[in-house]
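Here are my notes on the model you sent. Please read them with the structure open beside you.

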Amino acid sequence: GSCPDLNIYPAVRRDATAANWARKRDVYRRSRLFVAAPSRWLLDRARQSMLADGIVDSRVIENGIDDAFFAARDRAATRTALGIGPDDVILAFASNTVRCNMWKDFPTLRSAAAKIAESLSPHRRVVLMALGECAPEERAGAAVIRYCGFLHNPSDVASYLRAADFYVHATRAETFSLSVAEAMACGTPVIAT
């Protein structure tokens, strides 16, 4: 009845959460629900929610990775195809919008890239490849942040993940990070919060 998040997209003008919650609870109680979730944590949350009375069966079905695209391949050839130098240190990050996604922690990624660049010798360039937003290239200390836009083709996404030395994933909330699993499938080590 007093929702603190009315401004989260899509924003609503008046708080009808108490009435909506009661109506949903009644619908779910009369339902026969077969619930699947991509992680045990999320499934446990569903079992503790207002869905509980209507759940007939539940199971974890992990997100799948299309290994036709997301698989370890020749990193050097991929880097050459993307114009990445052999001595460059490449960090990759993917998000639907990069800089202003409220669930991700881009300021931490910027800071980490700057600190990594500061700790390496000057001839090693550090580049954070940010997939999911178009913006002009910028610097974070001595590191370069390159915004690669939203990539529709999974083959292109896989190329960036494969070319990276590390996939970095700072987030405030996550149920199951498909991009982390895709990076791992490409043979790229993951550093995540």
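1. Start at Ser39. Its contacts beyond four places in sequence are Val60 and Thr175. Ser39 sits in the loop that joins strand 1 (33-37) to helix 2 (40-47). Is Ser39 buried or exposed? Its relative accessibility is 13%. Buried means under 20%, so Ser39 counts as buried. Bear in mind that this is a predicted model.

2. Next, Leu43. This residue belongs to helix 2. Leu43 counts as buried, because its relative accessibility is 1%. Leaving out neighbours within four places in sequence, Leu43 is in contact with Val35, Ala37, Ser58, Arg59 and Val60. Val60 is also touched by Ser39. From Leu43 to Val168 the C-alpha distance is 26 Å, with their positions 125 residues apart in sequence.

3. Now the largest nonpolar core. It has 40 residues. Which of them touch the most other members? They are Phe93, Phe106, Leu128, Leu161 and Tyr167. At least two residues of this core come from each of strand 3 (89-94), helix 4 (106-119), strand 4 (126-131), strand 6 (143-149), helix 5 (154-163), strand 7 (166-169) and helix 6 (178-185). There is also a second, separate core of six residues, and Leu33, Val35, Ala37 and Ile55 are among them. As a rule, nonpolar side chains in soluble globular proteins tend to be buried together.

4. Tyr167 deserves its own look. Which residues does Tyr167 contact, leaving aside neighbours within four places in sequence? One group is Ala92, Phe93 and Ala94. Leu161 is another contact. Ser179, Val180 and Ala183 also touch Tyr167. The list is completed by Thr188, Pro189, Val190 and Ile191.

5. Helix 4 passes a length check. Its 14 residues, at 1.5 Å a residue, should span 20 Å. The end C-alpha atoms are 20 Å apart, so the two values agree.

6. Helix 4 also has a buried side. Phe106, Leu109, Ala113, Ala114 and Ala117 are buried in this helix. Why do they count as lying on the same side of helix 4? Because they cover an arc of only 135° around the axis. In general, an α-helix has 3.6 residues a turn, so residues three or four places apart point the same way. The face turned away from the buried side of helix 4 carries exposed residues: Pro107, Lys115, Glu118 and Ser119. Cover for the buried residues includes strand 3, strand 4, strand 5 (138-140), strand 6 and strand 7.

7. Ala114 gives a close-up of helix 4. Apart from residues up to four places away in sequence, Ala114 touches Ala140, Gly141 and Ala143. Gly132 is 18 residues from Ala114 along the chain, and their C-alpha atoms are 20 Å apart.

8. Helix 5 is mostly covered, with seven of its 10 residues buried. Those buried are Val157, Ala158, Ser159, Tyr160, Leu161, Arg162 and Ala163. What do they pack against? Helix 3 (75-81) and helix 6 are partners, together with strand 3, strand 4, strand 6 and strand 7. Asp156 also lies in helix 5. Asp156 is partly exposed, because its relative accessible area is 36%. Asp156 and Asp15 are 141 residues apart along the chain, with 43 Å between their C-alpha atoms.

9. Then the largest pocket. It holds about 450 Å³ of space. The residues that line this pocket number 21, and the closest to its centre are Ala94, Ser95, Asn96, Ser179 and Glu182. Helix 5 and helix 6 are the elements that give two or more residues to the lining. Helix 6 gives the most, with three.

10. Last, two backbone details to inspect. The peptide bond from Tyr9 to Pro10 is cis, with omega near -5°. Pro10 is in the segment before helix 1 (17-29). Thr97 has a positive phi of about 70°, although Thr97 is not a glycine. Thr97 is placed in the loop between strand 3 and helix 4. With a relative accessible area of 29%, Thr97 is partly exposed.

Definitions and conventions: Residues are numbered from 1 along each chain as its sequence is written. This is a predicted model: local features need pLDDT of at least 70, side-chain atom pairs count only at pLDDT 80 or more; totals for chains, interfaces and linings use all residues. Side-chain values use heavy atoms; hydrogens and water are left out. A nonpolar core is a set of buried Ala, Val, Leu, Ile, Met, Phe, Trp, Tyr and Cys residues joined through side-chain atoms within 4.5 Å. Buried means under 20% relative accessible area, exposed over 50%, partly exposed in between (1.4 Å probe, protein chains only). Helices (H or I, at least four residues) and strands (E, at least two) are DSSP runs, numbered from the N terminus. Contact means heavy atoms within 4.5 Å. The expected span of a helix is 1.5 Å times one less than its number of residues. The arc is that of the directions from the helix axis to the C-beta atoms. On a 1 Å grid over the protein atoms alone, a cavity is a set of points where a 1.4 Å probe fits but cannot get out, and a pocket is an open set with protein on both sides within 12 Å along at least five of seven lines; lining residues have an atom within 4 Å of a point. Grid points are joined across faces, edges and corners, and a volume is the space filled by probe spheres set on the points.
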